[in-house]
Amino acid sequence: MLKGRFFLVYLLKFGASWILPPGLFIILLVILTLYLLKYNLRLSILVGLWTLIFYAMCTGFVAERAMGWLEQKYSPPAQIENSGGDVIIMLGGGAIRDSQDVDGEGTLCASPANRLLTAVRLQKKLNLPILLSGGQVYSDTGAEAMIAGRILTALGVPENKILLETKSVNTTQNAIFSAEILREKNLSKPIVVTSAFHMNRAVLNFRQQGFEVIPCPTDFLVPRTPQFHYTKLRPQAEALLLNVTVLQETLRTFVTEILKI
């Protein structure tokens with residue numbers, strides 16, 4: 001009986017995906033493909049191929065494998081205590097300026113909040129300073145390093161263990177301005193904490209500034225060994241977002257390697 005109820009829940013989820021975007025758009029594209037089949041075979045084939053690609057990009061089955069490929073480029077150090085790191089750098093990833101928090105105004109978005117959690121645990125474990133890197137990207141977003149610093153203080157991290165880099169608005173600037181502070185403080189072996197999908201580009205940017213960092217990826221979005229379930233073939237906006245993130249990171253990494261920006 002219980003198994004039957006679970007099957008019904010999964011079936012309802014699968015069916016509901018086709019009456020809401022992006023599933024609804026895929027159905028409309030299929031109808032358009034069939035309509036064009038009567039009038040223009042070549043155009044019908046092109047629309048059909050685009051529909052197939054778009055559908056694949058909207059499935060968790062494809063998204064988990066694409067994101068997994070990106071996230072698994074680096075793994076957290078097995079024995080971080082023996083890494084020789086002398087500072088923890090946490091890269092920003094978004095903040096909300098005017099949202100009310102427990103101890104003040106301004107909160108971190110989901111990804112940097114996960115990064116902060118890892119950075120705090122590392123700081124407690126290694127007793128190293130934390131360099132928070134991230135400025136205010138837009139007029140209505142928060143000053144990331146300032147907000148993160150306030151949260152670290154509330155979590156019990158001593159103020160003399162917190163360094164702030166508040167000028168950067170992208171990963172390249174994260175590395176440039178953090179490198180200036182590292183040289184000023186005579187620090188040479190940073191442990192970089194950022195989302196797993198973002199780590200490859202972060203490592204590349206710091207390498208271009210002359211630092212071989214110790215990668216400590218966090219904020220994983222997909223399982224390391226995904227298991228197949230038919231509901232992962234349903235179209236989902238979340239899956240499309242994951243695939244778009246993979247494409248964006250791949251393009252930005254390419255631009256960083258070629259143009260160094």
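## Pockets and a greasy patch

Leu 37 counts as partly exposed, because its relative accessibility is 49% (buried is under 20% relative accessible area, exposed over 50%, partly exposed in between, with a 1.4 Å probe and protein chains only). Leu 37 sits in the loop between H2 and H3. A quick note on ground rules: this is a predicted model, where local features need pLDDT of at least 70, side-chain atom pairs count only at pLDDT 80 or more, and totals for chains, interfaces and linings use all residues. Residues are numbered from 1 along each chain as its sequence is written, and side-chain values use heavy atoms, with hydrogens and water left out.

Leu 37 joins Val 30, Leu 34, Leu 41, Ile 45 and Leu 49 in a nonpolar surface patch of about 560 Å². Patch members have over 30% relative accessible area and no salt bridge, with nonpolar side chains (Val, Leu, Ile, Met, Phe, Trp, Tyr) joined within 5 Å and like charges within 9 Å; a salt bridge is a side-chain nitrogen of Lys or Arg within 4 Å of a carboxyl oxygen of Asp or Glu. Areas come from Shrake-Rupley with a 1.4 Å probe. Helix H2 (23-36) and helix H3 (41-57) each supply at least two residues of the patch, and H3 gives the most, with 3.

Now the pockets, side by side:

| Pocket | Volume | Nonpolar | Polar | Charged |
|---|---|---|---|---|
| Largest pocket | about 780 Å³ | 11 residues | 16 residues | 6 residues |
| Second largest pocket | about 190 Å³ | 5 residues | 3 residues | 4 residues |

A pocket here is an open set of points on a 1 Å grid where a 1.4 Å probe fits, with protein on both sides within 12 Å along at least five of seven lines; lining residues have an atom within 4 Å of a point.

The largest pocket has 33 lining residues, and Gly 92, Gly 93, Arg 201, Glu 249 and Arg 252 lie nearest its centre. Helix H5 (110-126), helix H7 (171-184) and helix H9 (237-259) are the elements giving two or more residues to that lining. H9 has the largest share, 8 residues.

H9 turns up again in the second largest pocket, where H9 and helix H4 (60-71) each supply at least two lining residues. Among that lining are Gly 60, Glu 64, Lys 232, Arg 234 and Leu 242.

Finally, Cys 58 is found in the loop between H3 and H4. Cys 58 is buried, with a relative accessible area of 0%. The C-alpha atoms of Cys 58 and Pro 235 are 4.8 Å apart, although 177 residues separate the two along the chain.

Notes:
Grid points are joined across faces, edges and corners, and a volume is the space filled by probe spheres set on the points. Helices (H or I, at least four residues) and strands (E, at least two) are DSSP runs, numbered from the N terminus. Ala, Val, Leu, Ile, Met, Phe, Trp, Tyr, Cys and Pro count as nonpolar, Asp, Glu, Lys and Arg as charged, and the others, Gly among them, as polar.
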